[in-house]
Amino acid sequence: MTLISMKSTIAAAALIASVGTTWADKANDTLSVAFTKELENVDSYFNSSREGVVMQRAVWDGLIYRDPVTNEYKGNLATSWEWIDDTTLELKLREGVKFHNGEDFNADDVVFTVNFVAKEENGVKTQRNVNWMKSAEKVDDYTVRILLKDKFPAAIEFLSGPVSMYPNEYYAEVGPSGMGLKPVGTGPYKVTEVVPGQHFVLEKYENYHDSPKGQPSIGKIDIRTVPDVNTQLAELFSGTLDLIWQVPADQAEKMAAMDGFTVANESTMRVGYLSMDAAGRSSMEPNPFKDAKVRQAVNHAIDRKALVDNLLKGKSVVVNTPCFPSQFGCVTDAAVAYEYDPEKAKALLAEAGYADGFTTEFYAYRDREYAEAIASYLNAVGIRTDFKMLQYSALRDLNMKGEVPLAFLTWGSYSINDASAMVSQFFKHGSLDDARDDQAKADLDIADSSTDPAIRKEHYAKAIARITGEAFWAPMFSYNTNYVFKTDVDYTPTADEVLRFTNMAWK
Amino acid sequence: MLQFILRRLGLALLVAFTVSFISFSLLFLAGDPAAALAGETASGEDIEAIRRVYGFDRPMLVQYGDWLFAALRGDFGESYYFKLPVASLIADRLSVTMLLGVCGITFALLTAVPLGVLAAMRPNSIIDRIALFLSVAGQALPSFWFGLILIVLFAIQLRWLPVSGTATWAHFVMPTIVLGYYAMPAIMRLTRAGMLEVLSSDYIRTARAKGASELRVMFRHALRNAIIPVVSLAAVQMGFMLGGSIVVESIFALHGAGFLAWESISRNDLPTVQALILIFSMFYIVFTFLADVLNAWLDPRMRSS
């Protein structure tokens, strides 16, 4: 949107002119943070936004915790866990933990939470987070068993991510809407105020258990919804906000040049890619994308390094895999990497019978400037694009119907550090699968259901080799995000785009 | 007079009815509502089930009838996004938008009418030039830019006003100016033109000849007649402000109905969008109707037209 970019340039220029004196809220121990979007419900099972994940990690705890730096799994509300068989996980629970409302945490809470969220009719928003669990059983007060519907190797990852434990008595009484207005968890911060659409106030939970998340340091977190990035920057200058995130690269660069602010850049799990109609589902006739040479030509045509260096910047990297490199099973060595070589691209097109190139519809739903840059690379080798920008839901509908020959898409894997959250979502003949390749599906089926890490890795590697060899996609790059905060805030962001208040402190 | 009011009322109801039908059909123009509701992981059966549960499989006119009768009782259904009744969602936010609209139009009238009168008293004088400059600027400045300039000046440099939010009256000062300034030029130009026309008419000469003071001539005789078109313009502008404060609400983080409309469109939250379009249109219709009645009351000539 040119309006937005014009707006941001003007604002940045205007803001640069003013020298902000920092009016930190260190004195009253309150950190003010901005969210861009409004949460539909604070109850973490009933929202699907990143802001919701931030709240979830602060207010609630999972049974297991994954260290965001080392990716090592540690006990949180559970102290140990063991697979009894392929579909039964037994966990020992931590004793002496209390919810914010004083309720004791024990096996009843786990059984209640799992049985509630696993039931489809209770309507948990992101079903894939919970629909692998069948139910839970109490063994004794501090031992539970979680029963799975089927083999599900990513169970530990999910238990350390989106599945958090709720107080059974309270939740049975108030339900999701009550939990949304007055959330109660065991997490490092308790919610003291919710004004829907305007702000949330979190306070340090003094009785927080000895958790691998660490102990909270800052006393109070005030989260306000401020939709406009320029307004957020103005609030930061005037001293009424201390930390903002998801700041566009151009603004972050200008902020970095100023005194009083720290700009931290971190990678996110989001990967941008081109999807091509290799299965020939679209009405395009003839469909050049059915030919692997054409798909390889597309891969060779785009200078991804230049895109990363000039447009995405920060910690973004060129990605060759149909998954995010840190994900378990995302074996980068197995992927065929296509270097930027427009001459080779033209030669491949000629071999496929398109010496004069061809014209195709090209869709995107976000980051118009990236999509346009990609289109110009494609045009340069003779692939003429009829570029169409759509809303996400509209493009997804078209895609499900198989009417999209070429699209620039992205996938964030819901921050799940397992390849099944990305590659398996798109290459197992689902409605968004443009390749419909039996060989890739066969390997993914094995990898997704085996509980042996070595077997999983081997078959993900095979699937990745097949997908990249056939060039069903053209993987592009990973995304990054900028965090801007006052210099008296001590914080090191993690690579999963989750703000962790517990790891923040005053300098 | 009564006949005039009844005629206008009939017309307003007809427009309201048409608008309600259009805003209802939006649901279907935007694609398959069941697929939109079902989300990305849904299978064909899921979508079919949703279609039955929500009654999307019934004839459109039947659905419209149900929706209209529910809407008349204040029931706009449930928001797809918040899973809360749309009526309470909107009620929460409408007060901010209404307050902002009232402040905005008051600001516009309080600045535009005196400026217009002054400009008309001394056409082509320096005052008239300044007024012209202000109105051209008001029409040309995009409100997001003007808003940011005000923020930089008053919130960052001078630190007189808070940047954004709704906590105190001070939070409403800048949004009021930005919203009001947009409506000001038209009102001012219309006041000036009306005043110029009226001032050259016979009865003003008569009033002056009778020895009435200049102030009395201006406000008692001239303005009262010149203000008539301004009244209807202000009413229409008021309708615009209630529905069109989207940009201002977003810049100043006001969380009113305009911002809710913007967000709901991008979230495909159709019941909320439908209800907001209907409510915003109702504002236009009601304000236009009130303007007509007010005009007729102020100017008897209008009643027969």
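A:Ala471 counts as buried, as it has 25 C-beta neighbours inside 10 Å. The model discussed here is a predicted one. A:Ala471 sits in a loop of chain A, with helix H15 (453-469) on one side of that loop and strand S16 (473-486) on the other. The backbone at this spot is worth a look too: phi of A:Ala471 is near 55 degrees, a positive value in a residue that is not glycine. Most residues other than glycine have a negative phi.

Chain B offers a counterpart in B:Arg159, where phi is again positive in a residue other than glycine, near 55 degrees. The surroundings are another matter. B:Arg159 has 12 C-beta neighbours inside 10 Å, so it counts as exposed, whereas A:Ala471 counts as buried. B:Arg159 belongs to the loop that runs between H7 and H8 of chain B.

Those two helices also pack on each other. Helix H7 (residues 143-157) of chain B meets helix H8 (residues 173-199) of chain B at an angle of about 145 degrees, and their axes are 10 Å apart. The crossing of H7(B) and H8(B) is right-handed. On the H7(B) side, the contact is made by B:Ser143, B:Phe146, B:Gly147, B:Leu150, B:Ile151 and B:Phe154, while H8(B) supplies B:Met174, B:Ile177, B:Val178, B:Tyr181 and B:Tyr182. Sorted by class, the contact of H7(B) with H8(B) comes to nine nonpolar residues and two polar ones, with no charged residues.

Stepping back to chain B as a whole, the chain has 14 helices and zero strands. Its C-alpha atoms fill a box of roughly 85 × 55 × 30 Å along the principal axes. Of the 305 residues in chain B, 39% are buried. Taking contacts in chain B between residues at least 6 apart in sequence, 72% join residues at least 24 apart.

Chain A carries a UniProt annotation from an unreviewed entry, "domain: Solute-binding protein family", which covers residues 72-428. Over residues 72-428 of chain A, helix accounts for 29% and strand for 25%, and the C-alpha atoms at the two ends are 29 Å apart.

Some local features of chain A come next. The peptide bond from A:Glu285 to A:Pro286 is cis, with omega near -5 degrees. Most peptide bonds are trans. A:Pro286 is located in the loop between strand S12 (261-276) and H8 of chain A. Helix H8 (292-301) of chain A, in turn, is what the buried residues of H10(A) pack against. In helix H10 (residues 342-351) of chain A, the buried residues are A:Ala345, A:Lys346, A:Leu348 and A:Leu349. Viewed down the axis of H10(A), these buried residues fall within an arc of 160 degrees, so they line one face of the helix. After H10(A) comes A:Gly353, which has a positive phi, near 95 degrees.

A:Val42 is found in the loop between strand S1 (30-35) and helix H2 (50-59) of chain A. Despite the loop setting, A:Val42 counts as buried, with 22 C-beta neighbours inside 10 Å. Leaving aside residues up to four places away in sequence, A:Val42 touches A:Met55, A:Gly180, A:Pro183 and A:Val194. A:Tyr377, by contrast, is 335 residues from A:Val42 in sequence, and the C-alpha atoms of the pair are 43 Å apart in space.

Key
Residues are numbered from 1 along each chain as its sequence is written. Chains are lettered from A and ligands numbered from 1 in the order in which they are written. This is a predicted model: local features need pLDDT of at least 70, side-chain atom pairs count only at pLDDT 80 or more; totals for chains, interfaces and linings use all residues. Axes are lines fitted to C-alpha atoms, for helices over the stretch in contact, and angles run from 0 to 180 degrees between N-to-C directions. Helices (H or I, at least four residues) and strands (E, at least two) are DSSP runs, numbered from the N terminus. A crossing is left-handed if the near helix is turned anticlockwise from the far one by less than a right angle, and right-handed if clockwise. Two residues are in contact if their C-beta atoms, placed from the backbone, lie within 7 Å. Ala, Val, Leu, Ile, Met, Phe, Trp, Tyr, Cys and Pro count as nonpolar, Asp, Glu, Lys and Arg as charged, and the others, Gly among them, as polar. UniProt positions are given in the numbering used here, feature names are shortened, and annotations may be inferred rather than shown by experiment. A residue is buried if 20 or more other C-beta atoms lie within 10 Å of its own, exposed if 12 or fewer, and partly exposed in between; C-beta atoms are placed from the backbone. The arc is that of the directions from the helix axis to the C-beta atoms.
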